[in-house]
2 protein chains.
Amino acid sequence: MSIQDPTIAVVGAGAVGSYYGGRLAQHGRDVHFLVRSDYDAVRRSGLVIESCDGDFRIPPDVVRVYNDPRRMPRADLVIVTLKSTSNDQFAPLVRPLLKDDTAILTLQNGLGNEDRLAELFGVERVLGGMAFICINRVAPGVVRHTDFGFVRLGEFTRRDRRDRAEPIAAMFNASRVKCEVLDDLRFGRWQKLMWNIPFNGLGATLDLTTDQVIASDEGLRLVRELMQEVRAAARADGVELPEELVETNLHYTRSMGPYKTSMQVDRQQGRAMEVEAILGEPLRRARAGGVKTPVLEALYRAALVVDSGVRTRGAAHHR
Amino acid sequence: MSIQDPTIAVVGAGAVGSYYGGRLAQHGRDVHFLVRSDYDAVRRSGLVIESCDGDFRIPPDVVRVYNDPRRMPRADLVIVTLKSTSNDQFAPLVRPLLKDDTAILTLQNGLGNEDRLAELFGVERVLGGMAFICINRVAPGVVRHTDFGFVRLGEFTRRDRRDRAEPIAAMFNASRVKCEVLDDLRFGRWQKLMWNIPFNGLGATLDLTTDQVIASDEGLRLVRELMQEVRAAARADGVELPEELVETNLHYTRSMGPYKTSMQVDRQQGRAMEVEAILGEPLRRARAGGVKTPVLEALYRAALVVDSGVRTRGAAHHR
């Protein structure tokens, strides 16, 4: 494999995949996009990125876009940006792209994505990363990036080696994406969950923006309890999240103003919510570690009800 | 007091008050309406009732409408149809209407309304009733009644006597409102809560219609658990709700199709939700009886967050 000048496949080029793959392509990398619903639009008009860090476009005669992974070249690096609710598609979408030494980097939300990739394709291939970015697909093939954008990534299991993570991070950093390598990916995952569980969880389940979630004392109490439960679950998983992160997260949330999490957007548009990756899998880790997380448990159950409910023949629109 | 031909005051003539007061006025009773927000509209155009049991109108030259209880005649019967979130207005709104023997009938939702009225005005005055009706205010002074309409009422504490409840029920029955007298008002209250707690509670908190709430196995499980918790809380309050009511309620809910509870409507319109009467007070009764109701507790907390959240400077509309 050439991790120095890799052939890159982006699997699931929604907003996140289009943006990061687009940045790499814009900076001369050999990027191949696997696109499903927007394939025709991207073929016709290319990728259009409206970004707070500078608009750009990958024109249709330049963009390498596919709707079938079997037509794509085998890659040195596969970047997985599918929604985690499509993880049952890993085998047909990723397997055709693999050589013996292909690395797989998942930038998906939540827990369990690396595990599933490792199970299917071998643990030594897998890296994971967190994308800290406010981004939306605003039309087919058109993505709007409004804030942040940095990536933190690390090896899934081989914490001692950085010979893959470092060059990948360097490549992002050379493509206008700030990227740092984590010694401990699990720390990064749990740290991000400490925010995502209360805010994506309550935001989507109660259909409230982040500022509405913390508008009441009861909301603040629930958020703090959830964050402490995440700390306890993380500890059982071998990760110690500092107590101060609770108030740091709240401070940061207040500074954001009204923000709609991706899971709330999914809910409002009647699309599948990432309930398992963001709530279900962390809850199962807590249970496996013998840790009680009653608020997370109630939230998970409510999220399942909402996830089914909002996809029930659009009843809410009838009256 | 003349309970045979009473002077009637309706306090809080929203949808429910306008409808029942309107039916009584339509059938020749002496009804005086205390109206707040819609006062000008009712003065100008009267009360307009579009009803599945027959449209009718109380014209402006006939309707007796007030915006100040001190201008109203003292009543033999005060019917309270305020939203329970305005119960802090009982003293100024109801006291001016009372004679020594005035009866007070609250048709409000949930628990605690009779108690509060008894505390302020004397327990011997108080009756309570449940209005089973699908009704909405569609414009100022205009009410649309789409289904059901019957009332069940009873004495708050004096279960042995029916000499007030019977004539009041007879008066409703003579005015095209089916009405029956309950031996045990508390049974009726808890029985109605067995439906209202899961469906108003989850419907408003998760912003789902009734069919969406029960669209998933998890939703059905939560509803059944809540109904069993209500049974346990009722038992601690001296009321035995038969087990069969669980499935009867579910059967009845399925037959309704997509239905938006009043609390969900309040939520969507950014109005105060009846969280305390429907969730908080039943929870406090359970606690006082030493009964654990963890799902109700979680639901109550979430409802408080939503109730504050949706009244937070309309943030959800910003993006």
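Of the residues of chain B, L206(B) is the one that comes closest to the rotation axis, with its C-alpha at 2.4 Å, and I start there since the axis organises what follows. This is a predicted model, in which local features need pLDDT of at least 70 and side-chain atom pairs count only at pLDDT 80 or more, while totals for chains, interfaces and linings use all residues. Residues are numbered from 1 along each chain as its sequence is written, chains are lettered from A and ligands numbered from 1 in the order in which they are written, and side-chain values use heavy atoms, with hydrogens and water left out.

In general, two copies of a chain are related by a rotation about an axis and a shift along it. Here, a turn of 180° and a shift of 0.1 Å along the axis lay chain B on chain A with an RMSD of 0.0 Å, where the superposition is by least squares on the C-alpha atoms of residues with pLDDT of at least 70 in both copies. That is the relation of a two-fold axis. As for the interface, 100% of the interface residues of chain B are also interface residues in chain A, so the copies meet through the same surface.

Let me turn to the interior. The largest nonpolar core, meaning a set of buried Ala, Val, Leu, Ile, Met, Phe, Trp, Tyr and Cys residues joined through side-chain atoms within 4.5 Å, has 93 residues, and those with the most contacts inside it are W190 and L279 of chain A, W190(A) and L279(A), together with W190(B) and L279(B). Buried, here, is under 20% relative accessible area, exposed is over 50%, and partly exposed is in between, with a 1.4 Å probe and protein chains only. If we leave aside neighbours within four places in sequence, L279(B) is in contact (heavy atoms within 4.5 Å) with residues including I197(B), M263(B), L296(B) and Y300(B).

W190(A) also appears in a helix pair, where helices are DSSP runs of H or I with at least four residues, strands are runs of E with at least two, and both are numbered from the N terminus. Helix α6 (residues 185-206) and helix α8 (residues 217-236) of chain A pack at an angle of about 145°, with their axes 9 Å apart; axes are lines fitted to C-alpha atoms, for helices over the stretch in contact, and angles run from 0 to 180 degrees between N-to-C directions. Among the residues that meet there are W190(A) and I197(A) in α6(A), and L222(A) and M227(A) in α8(A).

In chain B, helix α8 (residues 217-236) packs with helix α9 (residues 245-256) at an angle of about 135°, with the axes 10 Å apart. The two helices, α8(B) and α9(B), are therefore oblique to each other, given that under 35 degrees counts as roughly parallel, over 145 as roughly antiparallel, 65 to 115 as roughly perpendicular and the rest as oblique.

Which residues does R23(A) touch, not counting residues up to four places away in sequence? They are S51(A), D53(A), G54(A), F56(A), S175(A), R176(A) and V177(A). R23(A) lies in helix α1 (residues 15-26) of chain A and is buried, with a relative accessible area of 0%. Its partner S175(A) sits in the loop between α5 (165-173) and β10 (179-181) of chain A, and S175(A) is buried too, at 1%.

Finally, F148(A), in strand β9 (residues 142-155) of chain A, has a positive phi of about 55° although it is not a glycine.
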